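Visitor: I am new to this structure and would like to learn how to read it. Could you walk me through it step by step?

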Amino acid sequence: MAFDKNKSISRAQKYIQSGKIDQAINEYLQIVKNDPKDVASLQKLAGLYAKKQAFDEAVQCYQKVGESFRKSGFYQKSLAVYKIALQHQPENPGLMQALGELYQTLGLKAEALLNFRGAVQTYMDQDNYPGALQVLEMM
């Protein structure tokens with residue numbers, strides 16, 4: 001039997017309305033498994049993980065969404081998604097670095113430097129000197 005994305009989305013929405021977050025997550029996992037390019041469902045999945053306070057999983061999804069938007073040239077959308085991810089993991093230097101790169105792409109140098117500096121400091125705090133050096137080279 002073929003996967004019916006619309007039925008799966010409908011089931012997921014019903015689960016969400018009835019507060020069954022785990023079941024909704026399972027539905028969205030099936031959706032993105034069957035349609036990996038469905039960025040909207042991946043973003044919904046990230047939000048569900050965040051609601052459940054599964055922040056590592058949420059951030060992984062948000063990073064995929066942000067990267068997809070960036071590759072498609074939707075820099076503002078990508079920026080918004082990475083900002084949400086950073087709220088869930090404020091000490092994640094990779095997120096700070098990604099934000100810095102996006103700000104740099106948009107020509108917003110002060111914001112880029114702020115995020116790059118945060119990434120460098122966090123990498124240094126984690127004794128990840130190669131990571132810090134990589135960001136410094138971007139500045």
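Guide: Gladly! One term comes first: two residues are in contact when heavy atoms of theirs lie within 4.5 Å. Please also keep in mind that this is a predicted model.

Visitor: Thanks. Which residues is L45 in contact with, leaving aside its neighbours within four places in sequence?

Guide: Once those neighbours are set aside, the partners of L45 are I25, Y28, L29, V32 and C61.

Visitor: Before we go further into that spot, how many helices and strands does the protein have?

Guide: There are eight helices and zero strands. Following the sequence, you read the pattern α-α-α-α-α-α-α-α. The C-alpha trace spans about 50 × 30 × 25 Å along its principal axes. Of contacts between residues at least 6 apart in sequence, 36% join residues at least 24 apart.

Visitor: And what share of the residues is buried?

Guide: Buried residues account for 38% of the 139 in the protein. As for the outside, the accessible surface is about 8,400 Å², with 51% of it belonging to carbon and sulfur atoms.

Visitor: How should I think about a nonpolar core?

Guide: Here is the general idea: in soluble globular proteins, nonpolar side chains tend to be buried together. In this model, the largest nonpolar core holds 39 residues, and L45 and Y49 touch the most other members. Helix 2 (21–34), helix 3 (39–51), helix 4 (55–71), helix 5 (75–88), helix 6 (93–105), helix 7 (109–125) and helix 8 (129–138) each contribute at least two residues to this core.

Visitor: Which helix supplies the largest share of this core?

Guide: That is helix 3, with seven residues.

Visitor: Then let us look at helix 3 itself. Which of its residues are buried, and what covers them?

Guide: The buried residues of helix 3 are V39, S41, L42, L45, A46, L48, Y49 and A50. Their cover includes helix 1 (5–17), helix 2, helix 4 and helix 5. You can also check the length of helix 3: its 13 residues reach 18 Å from the first C-alpha to the last, close to the 18 Å expected at 1.5 Å a residue.

Visitor: What happens at the start of helix 3?

Guide: Look at D38 there: one of its side-chain oxygens comes to within 3.3 Å of the backbone nitrogen of A40.

Visitor: I have heard about backbone angles such as phi. What should I look for?

Guide: Most residues other than glycine have a negative phi, and most peptide bonds are trans. Just after helix 3, however, Q53 takes a positive phi of about 65 degrees, although Q53 is not a glycine. Q53 sits in the loop between helix 3 and helix 4.

Visitor: Is Q53 buried or exposed?

Guide: Q53 is exposed, and its relative accessible area is 61%. You can compare D127, which has a positive phi of about 55 degrees and is not a glycine either. D127 belongs to the loop between helix 7 and helix 8, and it counts as exposed at 55% relative accessibility.

Visitor: My last topic is charge. How do I read a salt bridge?

Guide: Side chains of opposite charge can pair when their charged atoms come close. The count for this model is five salt bridges. One of them joins D35 and K5, whose closest N and O atoms are 2.7 Å apart. D35 is in the loop between helix 2 and helix 3 and K5 is in helix 1, so this pair links parts of the chain 30 residues apart. Both partners are partly exposed: D35 has a relative accessible area of 25%, and K5 is at 25% relative accessibility.

Visitor: Which salt bridge do K5 and D38 form, and where do the two residues lie?

Guide: Their side chains meet at 2.8 Å, N to O. K5 lies in helix 1 and D38 in the loop between helix 2 and helix 3, so the pair ties together parts that are 33 residues apart in sequence. D38 is buried, with a relative accessible area of 10%.

Visitor: What other salt bridge could I look up?

Guide: Try R11 and E27, with their closest N and O atoms 3.1 Å apart. R11 is in helix 1 and E27 in helix 2, 16 residues apart. R11 is partly exposed at a relative accessible area of 38%, whereas E27 counts as buried at 12%. Finally, salt bridges that share partners join K5, D35 and D38 into one network.

Notes. Residues are numbered from 1 along each chain as its sequence is written. This is a predicted model: local features need pLDDT of at least 70, side-chain atom pairs count only at pLDDT 80 or more; totals for chains, interfaces and linings use all residues. Side-chain values use heavy atoms; hydrogens and water are left out. A nonpolar core is a set of buried Ala, Val, Leu, Ile, Met, Phe, Trp, Tyr and Cys residues joined through side-chain atoms within 4.5 Å. Buried means under 20% relative accessible area, exposed over 50%, partly exposed in between (1.4 Å probe, protein chains only). Helices (H or I, at least four residues) and strands (E, at least two) are DSSP runs, numbered from the N terminus. The expected span of a helix is 1.5 Å times one less than its number of residues. A polar contact is a pair of N or O atoms within 3.5 Å; within protein, one must be able to donate a hydrogen and the other to accept it, and residues adjacent in sequence count only if both atoms are side-chain atoms. Accessible areas come from the Shrake-Rupley method with a 1.4 Å probe; for residues, only the protein chains shown count as cover. A salt bridge is a side-chain nitrogen of Lys or Arg within 4 Å of a carboxyl oxygen of Asp or Glu.
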